[in-house]
Each structure stands twice: as structure tokens, then as C-alpha cells.
Amino acid sequence: MTNVFGLSHKDVSSYSGQTGHEQVVFCSDERSGLRAIIAIYNTLLGPALGGTRFYPYESEQAALADVLNLSRAMAYKNALAGLDHGGGKAVILGDPGQDKSEALLRAYGRFVESLGGRYITACDVGTYSEDMDVMARESRFVTGRTVANGGAGDSSVLTAYGVFQGMRAAAEHLYGAPTLHGRRVGVEGVGKVGHRLVEHLIEDGAEVVICDVNERAVETVKARHPGVEVVDGKEALIGAEIDVYAPCALGGALDDDTVARMTAKIVCGGANNQLAHLGVEKQLSERGVLYAPDYVVNSGGVIQVADELHGFSMKRARSRATQIYDTTLKIFAIADEDGVAPAVAADRLAERRMSDVGRVGSIWLGR
Ligand SMILES: NC(=O)c1ccc[n+]([C@@H]2O[C@H](COP(=O)([O-])OP(=O)(O)OC[C@H]3O[C@@H](n4cnc5c(N)ncnc54)[C@H](O)[C@@H]3O)[C@@H](O)[C@H]2O)c1
């Protein structure tokens, strides 16, 4: 492995050894200021697919840790989304507001191209469909481009739709009916995913309570739906009498304190990495809270951008995202049967598909 940054070879190999990654690539282009790390967790089910995060990491160590975690999570997400993709992710180190340029994005695109399709990139925090258009001028292995360029556009459309399907499944499992009608749902964060989730909930007849640190985001929702209740932050939201808590802001929403104080009986939201640490999934189960695993219910976005690789059809992608309902129900059933938390059941199901389906690639085809 060529390490062009300051990390010692030992740092990198100990990470890779720990997490079982297939390939970790450091990319550097001095003139454009590009420093990026592409991590491929596995390609058992097909080429690795996952977004590129553009973020001002405190250190290279932090960037490496993030990309290793994120790429592994993508392998599990893609497996349970039924996609023919392994798990990968990339990070560009820098402030997207200041450091992003055409040259940098195109240099990055060339590194993606150099992997020959082992890794396909898409949007993530700090990158947008317009950036994918620029990268795609250098690489065939870019998805999530703008609609004007034949792309799938904003992936939050099917992310929110998929979260709603997961929530319907949780309602079916807990209440015996696949609807949020008459339930009170607390949505934390009404950005791209959260505000679309609110639309689905209102259409289904739910009462909605929201909070967001961004006043404009709150006002946009209020303008469309004056009946939505607004509370002052997460503390007020989880303390309110709600049936469902939908974290749609940042990761780590479910920590010890939140779980202890929560009134909701279902947690189902779009945010990535909701469990603040290992063991929270058990605490949720012990408190009788049904947790719909984040990477299962928020896979609508990756389903949307994966579809673009076959010539985008919203109808086909949406029908695939509808299956999140069945997958979530299946996970709850396995969790009950095996006496484990749904997060554990989800991991087991993903590992089973990676192993069972991934194995067929070893059948000799003579080419
Ligand atoms: N966009 C997608 O397709 C997609 C796909 C999978 C997962 N996700 C995850 O879903 C989450 C939301 O993504 P998004 O695309 O809607 O991002 P976004 O930036 O559009 O929205 C996030 C919202 O959360 C708000 N927020 C931030 N901190 C908050 C806090 N402490 N309390 C309340 N609100 C807060 C922000 O003001 C913003 O309005 C992220 O965790 C993201 O990783 C998104």
C-alpha cells in the first residue's frame, strides 16, 4: 500500500487488519490540494458503492477511522438493500466551502477511475449531485449525478420514502397495523430527509412534532403544514408524549441518557450511525423500545443512486425501496426468534447474504 500522507504504515495496516478491509487507497494531488482516502470494505456482492464525504477532519487519523467505519457500514447497507454491490466509501480531507474546485474534483474523479470500477462513488456530507457531474467528466464510476445529466438527483427522496416504509413495518410489528395514522411522531432534524419524511407522515394521518437547530428549516415545514408542532430541541422532543422518535439529524442520537428518558416505543429515522455506542441496542430492547436499524431503513438513497447505473428509473427504484418494509419486518421476526436486538438481527441477515450470495462468484465460468 502506498501511503502518501503522514500516517505510518503501521497505523494503516493495524486499522485494515482490525476491520478486514479489502483495499485502502490514499490519493494525493498537490496542485489541486486533493487529499483523499478511498476504502473498499469488500466486493463480495459486486463493485463497492458508497458516497464521498468532503469534511474538514481534525487529523488524518480521524479521516482514516471515519472512512473505514463508513465503508464497512455500506457493505451491510448494500447487502440488506438487495443490491449487487459491496461496501465502499471515500473521504476528501478539507473544507468543502473553501477547498472544493473543479480541478480537485476532477483529480479525485481520475483516482476513482483508476480503480477500474472496483469502487463507485456518490454524494455524501459535503458533496452534491453537481459535484458528481464534475467527477463524472473523469470517471465512468460515478453515480448520483443531476437529473439534467441523466442522473438520479437528490437521493433524500427515496431515503425519506424508505424510512417511512420502515416505520410502517415497525407500526405493524408493534400495533398490528402498517400505518402511523393517529400516532404522534417526533422528527429530529427537518433537512432534506426529515422534511420529506414529515410529508409522508402527514399524508398517512400522523400527528407530527419537529425540532431543528436551523430556524429556516423549521419555518419551511411550518409554512407547508401549520398543524405541525415545534419544540425547542432534542430534549423537549424525546420528553414529549410521542409514539415514534425519528432521528434525522446527526449520528449518535441514541445515547444512554436519551434511551433512559425517551417516551417513544419506536425509533425509526434517517440518520446514519444512530447508536452512540455498542450496547445501546440492548438497552432499547430492555426498555421495550422497538428500534428499526438505521442502515436498513435509510437505504432508499443508495437504492436510488444504484439504479442510475442501469439508466435511472424512479419507478423501479421506488418499487425497490418499498421492499424496505418487508426487510424491516423480517429483521423484527428474526430478532424475536433469536432473542436478540433488531440491530444484531440485521447484521446477521446482511452477513448471511454476503456469504451465501457472495460465494456463488466462486463458481468457475471459464472466462
Ligand atoms: N440524504 C440522504 O439521502 C441520506 C441517506 C442516508 C442517510 N442520511 C442521513 O440522514 C441524516 C440527515 O441527512 P440530510 O440529507 O437530511 O441532511 P441535512 O443536512 O439536509 O439535514 C439535517 C438537518 O438536521 C438539522 N440538525 C443538525 N443538528 C441538529 C440538532 N442537534 N438538533 C436538531 N436538528 C439538527 C440541520 O439543521 C438540518 O436541517 C444524516 O445523518 C445523513 O447522514 C441521509
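Here are some questions and answers about this predicted model and the surroundings of its ligand.

User: Which element gives the largest share of the shell around the ligand?

Analyst: The shell holds 25 residues, and the closest are Gly-189, Gly-191, Asn-214, Ala-249 and Gly-301. Helix 6 (156-175) and helix 7 (192-203) are the elements that give two or more residues to that shell. The largest share is three residues, and the element behind it is helix 7.

User: How do the residues of the ligand shell divide into nonpolar, polar and charged?

Analyst: Glycine goes with the polar group in this scheme, and Gly-189, Gly-191 and Gly-301 are among the closest residues to the ligand. The division comes out as nine nonpolar, 12 polar and four charged.

User: Which residues does the UniProt annotation "binding site" cover, and where is Val-190?

Analyst: The UniProt entry, an unreviewed one, puts "binding site" on Gly-189, Val-190, Gly-191, Lys-192, Val-193 and Gly-194. As for Val-190, you'll find that residue in the loop between strand 6 (184-188) and helix 7.

User: Is Val-190 buried or exposed?

Analyst: Take the contacts to begin with: leaving out residues up to four places away in sequence, Val-190 touches His-195, Val-198, Ile-210, Asp-212, Ala-217, Val-218 and Val-221. The bar for burial is 20 or more other C-beta atoms within 10 Å. Val-190 has 26 C-beta neighbours inside 10 Å, so it counts as buried.

User: How many C-beta neighbours does Val-193 have inside 10 Å, and which residues is Val-193 in contact with?

Analyst: Val-193 sits in helix 7. The count inside 10 Å is 28 C-beta neighbours, so Val-193 is buried. Setting aside neighbours within four places in sequence, the contacts of Val-193 are Ser-156, Thr-159, Ala-160, Val-163, Cys-248 and Gly-270.

User: How far apart in space are Glu-172 and Gly-194, C-alpha to C-alpha?

Analyst: Glu-172 lies in helix 6 and is partly exposed, with 16 other C-beta atoms within 10 Å. Beyond its neighbours within four places in sequence, Glu-172 is in contact with Ala-177, Pro-178 and Leu-329. Glu-172 and Gly-194 are 22 residues apart in sequence, and their C-alpha separation in space is 22 Å.

User: Which residue does UniProt list for "active site", and is Lys-89 buried or exposed?

Analyst: UniProt, again from an unreviewed entry, lists Lys-89 for "active site". Lys-89 belongs to strand 4, and its contacts outside the four nearest places in sequence are Ala-39, Gly-50, Gly-51, Val-67, Leu-70, Ser-71 and Met-74. Because 29 C-beta neighbours lie inside 10 Å, Lys-89 counts as buried.

User: Why is strand 4 largely enclosed by the rest of the structure?

Analyst: In a regular strand the side chains alternate between the two faces of the sheet. On one side of strand 4 are Gly-86, Gly-88, Ala-90 and Ile-92, on the other Gly-87, Lys-89, Val-91 and Leu-93, and all are buried. Strand 4 (residues 86-93) is largely enclosed because its buried residues number eight of the eight.

User: What is the sense of pairing of strand 4 with strand 2 and with strand 3?

Analyst: With strand 2 (residues 34-42), strand 4 pairs over six bridges in the antiparallel sense, and Ala-39 stands opposite Lys-89. Strand 3 (residues 48-55) is also joined to strand 4 by six bridges, with Phe-54 opposite Ile-92. Strand 3, helix 2 (residues 60-80) and strand 4 make up a right-handed β-α-β unit. So, by the bridges DSSP finds, the sense is antiparallel with strand 2 and parallel with strand 3.

User: Which strands stand at the edges of the open sheet of six strands?

Analyst: The strand order is 8-7-6-9-10-11, with parallel pairing. At the strand 11 end, strand 10 (residues 266-267) pairs with strand 11 over two bridges, and Val-267 stands opposite Tyr-291. A single partner leaves one side without a neighbour in the sheet, so the edges are strand 8 (229-230) and strand 11 (290-291).

User: What is the phi of Asn-273?

Analyst: Most residues other than glycine have a negative phi. Asn-273 is in the loop between strand 10 and helix 11 (280-286) and is partly exposed, with 15 other C-beta atoms within 10 Å. Asn-273 has a positive phi, near 50°.

Conventions: Residues numbered from 1 in each chain as written. Predicted model: local features only at pLDDT ≥ 70, side-chain atom pairs only at ≥ 80, totals over all residues. Near = placed C-beta within 6 Å. Helix = DSSP H or I, 4+ residues; strand = E, 2+ residues; numbered from the N terminus. UniProt positions renumbered as here; feature names shortened; annotations may be inferred. Buried ≥ 20, exposed ≤ 12 C-beta atoms within 10 Å, placed from the backbone. Contact = placed C-beta atoms within 7 Å. Right-handed = clockwise from strand over helix to strand, strands pointing away.
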